[in-house]
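Work through these exercises with the model open beside you. Try each task before you read its solution.

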Amino acid sequence: MSSTTLNRQTFSISRELEYFSEVELTMQTGYGKEEWWPGVVAKELIDNSLDKCEQAGTSPRIEVRFRRDSLSVADNGPGLTSDVLERILDFGSRTSDKTAYVSPTRGAQGNGFKTVLAIPSVLAGGKSTGQVEVE
């Protein structure tokens, strides 16, 4: 009887797969692909709008528009700075202004907006037809 030795190899997997695959997005959002549009996307954007208005001490005014193939959410909050948006676009990290603080919150993981950015691409089968615009 011969003895076979297992020679393990070390693999590296892109952290982007945590966002740009159906299985991972389902785990992160708690909802399946059938429910992502428009429910999860709207929820995450509205939560972010409420958070920013709350931080600014502004009574929120949030406008949600659904069209045949698009969703837009606008609010009267201060918005994201370009620096924070750049950090959010780094899918190798989590960016949150709540993670290090203990308080009741709508979300503290720093992954909600990243899921919003990734969902259209996954719904479009990885093709460039899925699009997110930030103004």
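## Exercise 1: A glutamate in a helix

E44 touches G112, T115 and V116, leaving aside residues up to four places away in sequence. The model is a predicted one.

**Task.** Find the element that holds E44, and decide whether E44 is buried or exposed.

**Solution.**
Step 1. Locate the residue. E44 sits in helix α2.
Step 2. Take its relative accessible area, which is 16%.
Step 3. Compare with the cut-off. Buried means under 20%. E44 is therefore buried.

## Exercise 2: The chain as a whole

**Task.** State how many helices and strands the protein chain has, and give the order of its elements.

**Solution.**
Step 1. Count the elements. The protein chain has four helices and two strands.
Step 2. Read from the N terminus. The order is α-α-β-β-α-α.
Step 3. Add the burial. The protein chain has 135 residues, and 26% of them count as buried.
Step 4. Look at contacts between residues at least 6 apart in sequence. Of these, 51% join residues at least 24 apart.

## Exercise 3: α2 against α4

**Task.** Describe how helix α2 packs on helix α4: give the angle and the axis distance, then the residues that meet.

**Solution.**
Step 1. Mark the helices. α2 covers residues 33-56, and α4 covers residues 112-123.
Step 2. Take the geometry. The angle is about 150 degrees, and the axes lie 9 Å apart.
Step 3. Name the arrangement. Angles over 145 degrees count as roughly antiparallel, so α2 is roughly antiparallel to α4.
Step 4. Give the hand. The crossing of α2 past α4 is left-handed.
Step 5. List the residues. α2 brings K33, W36, W37, V40, V41, E44, L45 and N48. α4 brings G112, F113, T115, V116, I119, V122 and L123.
Step 6. Sort them by class. Ten are nonpolar, three are polar and two are charged.
Step 7. Think about the spacing. An α-helix has 3.6 residues a turn, so residues three or four places apart point the same way.

## Exercise 4: How α1 fits in

**Task.** Compare the geometry of α1 with α2 and of α1 with α4.

**Solution.**
Step 1. Start with α1 and α2. Their axes come within 10 Å and cross at roughly 55 degrees. That makes α1 oblique to α2.
Step 2. Give the hand. α1 passes α2 in a left-handed crossing.
Step 3. List the contact. E22, L25, T26 and T29 of α1 meet K33, W36 and V40 of α2. The classes are three nonpolar, two polar and two charged.
Step 4. Turn to α1 and α4. Here the angle is about 145 degrees, with the axes 11 Å apart. This crossing is left-handed.
Step 5. List this contact too. E22, L25, Q28 and T29 of α1 meet T115, A118, I119 and V122 of α4. By class there are four nonpolar, three polar and one charged.

## Exercise 5: α4 and its surroundings

**Task.** Work out why α4 counts as largely enclosed by the rest of the structure, and find what covers its buried residues.

**Solution.**
Step 1. Check the length. α4 has twelve residues and reaches 17 Å from its first C-alpha to its last. That is close to the 16 Å expected at 1.5 Å a residue.
Step 2. Count the buried residues. Eleven of the twelve are buried, so α4 is largely enclosed by the rest of the structure.
Step 3. Name some. Among them are F113, K114, L117, P120 and S121.
Step 4. Find the cover. It includes α1 (22-29), α2 and α3 (82-88).
Step 5. Look past the end. G125 follows α4, and its phi is positive, near 70 degrees.

## Exercise 6: Two residues to place

**Task.** For N111 and for Q55, decide: buried or partly exposed?

**Solution.**
Step 1. Place N111. It lies in the loop between α3 and α4.
Step 2. Judge N111. Its relative accessible area is 9%, so N111 is buried.
Step 3. Check the contacts of N111. Leaving aside neighbours within four places in sequence, N111 is in contact with Y19, Q28 and R94. N111 and Y19 are 92 residues apart along the chain, yet their C-alpha atoms are separated by 8.9 Å.
Step 4. Place Q55. It is found in helix α2.
Step 5. Judge Q55. At 45% relative accessibility, Q55 counts as partly exposed.
Step 6. Find a distant partner in sequence. G77 is 22 residues from Q55 along the chain, and the C-alpha atoms of the two are 8.7 Å apart.

How values were computed. Residues are numbered from 1 along each chain as its sequence is written. This is a predicted model: local features need pLDDT of at least 70, side-chain atom pairs count only at pLDDT 80 or more; totals for chains, interfaces and linings use all residues. Side-chain values use heavy atoms; hydrogens and water are left out. Axes are lines fitted to C-alpha atoms, for helices over the stretch in contact, and angles run from 0 to 180 degrees between N-to-C directions. Angles under 35 degrees count as roughly parallel, over 145 as roughly antiparallel, 65 to 115 as roughly perpendicular and the rest as oblique. A crossing is left-handed if the near helix is turned anticlockwise from the far one by less than a right angle, and right-handed if clockwise. Contact means heavy atoms within 4.5 Å. Ala, Val, Leu, Ile, Met, Phe, Trp, Tyr, Cys and Pro count as nonpolar, Asp, Glu, Lys and Arg as charged, and the others, Gly among them, as polar. The expected span of a helix is 1.5 Å times one less than its number of residues. Buried means under 20% relative accessible area, exposed over 50%, partly exposed in between (1.4 Å probe, protein chains only).
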